[in-house]
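Subject: Structure handover

Hello,

I am passing on the structure we talked about. Please have a look at it before reading the notes underneath.

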Amino acid sequence: MRLFTPSQPKLDMINANFLAEYSSELLDTVENTELKQRLGLYQLFLKLYEHHRGLLDEILNLENSRGSALPGMMFPYIQGVVLNRQIYLTTNLRDGTTQMLSQPQNTWIIGRDSRQVTLPIADKRLSRCHAVIRYVDHQGFYLTDLNSSNGSYVNGEKVQRSLLLKDGDRVRLGSLTLVFLSGNESQSMENLSAEMIERLSLAESLPSGQPQYCAHCAGKPDSTSVKRPPVTALEETMTFMRDKFSM
């Protein structure tokens, strides 16, 4: 196996073909499955850099702008709500807190210009007035792109005119990816059973952090204690690349 030595050129001076050849040799010699996967991804990025440098620049810009646009925001969303004939957008995009926003014309504009838009977002990839969400009676919430520089996308498809949003749609505006939720239906739930009320009372009486016992759940793992693996930056980047190629 060849290794880089101090006499070889620095990384920023190495030819992409040389790196591709070197990683291919490593793939043929290593046995570790995880390392092979990483080398395979490395080759993929080399090919992307050779044929789609603009895409990689866009990925880097996206990664660099994420934190500045919505610091601390883990799950950006917009929910359209129709409640007693009153129309709201419930979202955590404004000031970083969840708010219910009403507007006389049932029209909410998204963009960078805080003087003109309803939902101002400090994202340099957003146009000043980027897109608008508008409610149409008896139809629903529509997304319209306002001739923005970088476009508006729903589920990977570019919005050409107005598009009726559906529950669970994935919307991308500039560097911002959010989920649209529809809250037009409501249901009245049944009263809690005596058993569940007893269990709730027991849970509230236990010291904080102490596991509660339930006869019906004995022997079953508590779903709240299951640790879910975090989504890595690489997974998010690969998702963005997949979306980009599917447009």
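The notes below go from the whole chain to its two sheets, then to one residue and one cavity.

Overall

Please keep in mind that this is a predicted model. The protein has 247 residues, and 32% of them count as buried. Its secondary structure consists of five helices and 12 strands. The exposed area is about 17,200 Å², of which carbon and sulfur atoms supply 52%. Among contacts with a separation of 6 or more, 38% are between residues 24 or more positions apart.

The seven-stranded sheet

One open sheet is made of seven strands, and its order is β3-β2-β1-β12-β11-β8-β9. The pairing in this sheet is mixed. At its edges are β3 (99-101) and β9 (157-158), each of which pairs on one side only. Within the sheet, strand β1 (residues 77-83) pairs with strand β2 (residues 86-91) in the antiparallel sense, and six bridges connect them. As one point of reference, Gly80 lies opposite Leu89 in β2.

The five-stranded sheet

Another open sheet has five strands in the order β5-β4-β6-β7-β10, again with mixed pairing. Here β5 (119-120) and β10 (162-164) are the edge strands; each has a single partner strand, so one side of each lacks a neighbour in the sheet.

Strand β4 (residues 107-111) has four buried residues out of five, so the rest of the structure largely encloses it. It is joined to strand β6 (residues 131-136) by four bridges, and the two run antiparallel. In that pairing, the bridge partner of Ile110 is Ala131 in β6. With β5, strand β4 pairs in the parallel sense over two bridges, and Gly111 stands opposite Pro120 in β5. In general, strands of a sheet pair through backbone hydrogen bonds, either parallel or antiparallel.

Further along the order, strand β7 (residues 140-145) pairs with β10 in the antiparallel sense over three bridges.

Tyr142

Tyr142 is found in strand β7, and its bridge partner in β10 is Leu164. Is Tyr142 buried or exposed? The relative accessible area of Tyr142 is 16%, and buried means under 20%, so the residue counts as buried. Apart from neighbours within four places in sequence, Tyr142 is in contact with Val132, Ile133, Arg134, Val136, Ser162, Leu163 and Leu164. Ser162 is 20 residues from Tyr142 in sequence, while their C-alpha atoms are 6.1 Å apart in space.

Cavities

Rolling a probe the size of a water molecule over the atoms shows where empty space is left. The structure holds two cavities of 30 Å³ or more. The second largest cavity has a volume of about 40 Å³. Which residues line the second largest cavity? The lining consists of Ile78, Ile110, Ile133, Leu143, Leu165, Val171, Leu173, Leu178 and Phe180. Two elements, β11 (169-173) and β12 (176-183), give two or more residues to this lining. By class, the lining has nine nonpolar residues, with no polar and no charged ones. Two of the lining residues have come up already: Ile110, whose bridge partner is Ala131, and Ile133, which is in contact with Tyr142.

Regards

How values were computed
Residues are numbered from 1 along each chain as its sequence is written. This is a predicted model: local features need pLDDT of at least 70, side-chain atom pairs count only at pLDDT 80 or more; totals for chains, interfaces and linings use all residues. Side-chain values use heavy atoms; hydrogens and water are left out. On a 1 Å grid over the protein atoms alone, a cavity is a set of points where a 1.4 Å probe fits but cannot get out, and a pocket is an open set with protein on both sides within 12 Å along at least five of seven lines; lining residues have an atom within 4 Å of a point. Grid points are joined across faces, edges and corners, and a volume is the space filled by probe spheres set on the points. Ala, Val, Leu, Ile, Met, Phe, Trp, Tyr, Cys and Pro count as nonpolar, Asp, Glu, Lys and Arg as charged, and the others, Gly among them, as polar. Two strands pair if DSSP finds at least two bridges between them. Buried means under 20% relative accessible area, exposed over 50%, partly exposed in between (1.4 Å probe, protein chains only). Contact means heavy atoms within 4.5 Å. Accessible areas come from the Shrake-Rupley method with a 1.4 Å probe; for residues, only the protein chains shown count as cover.
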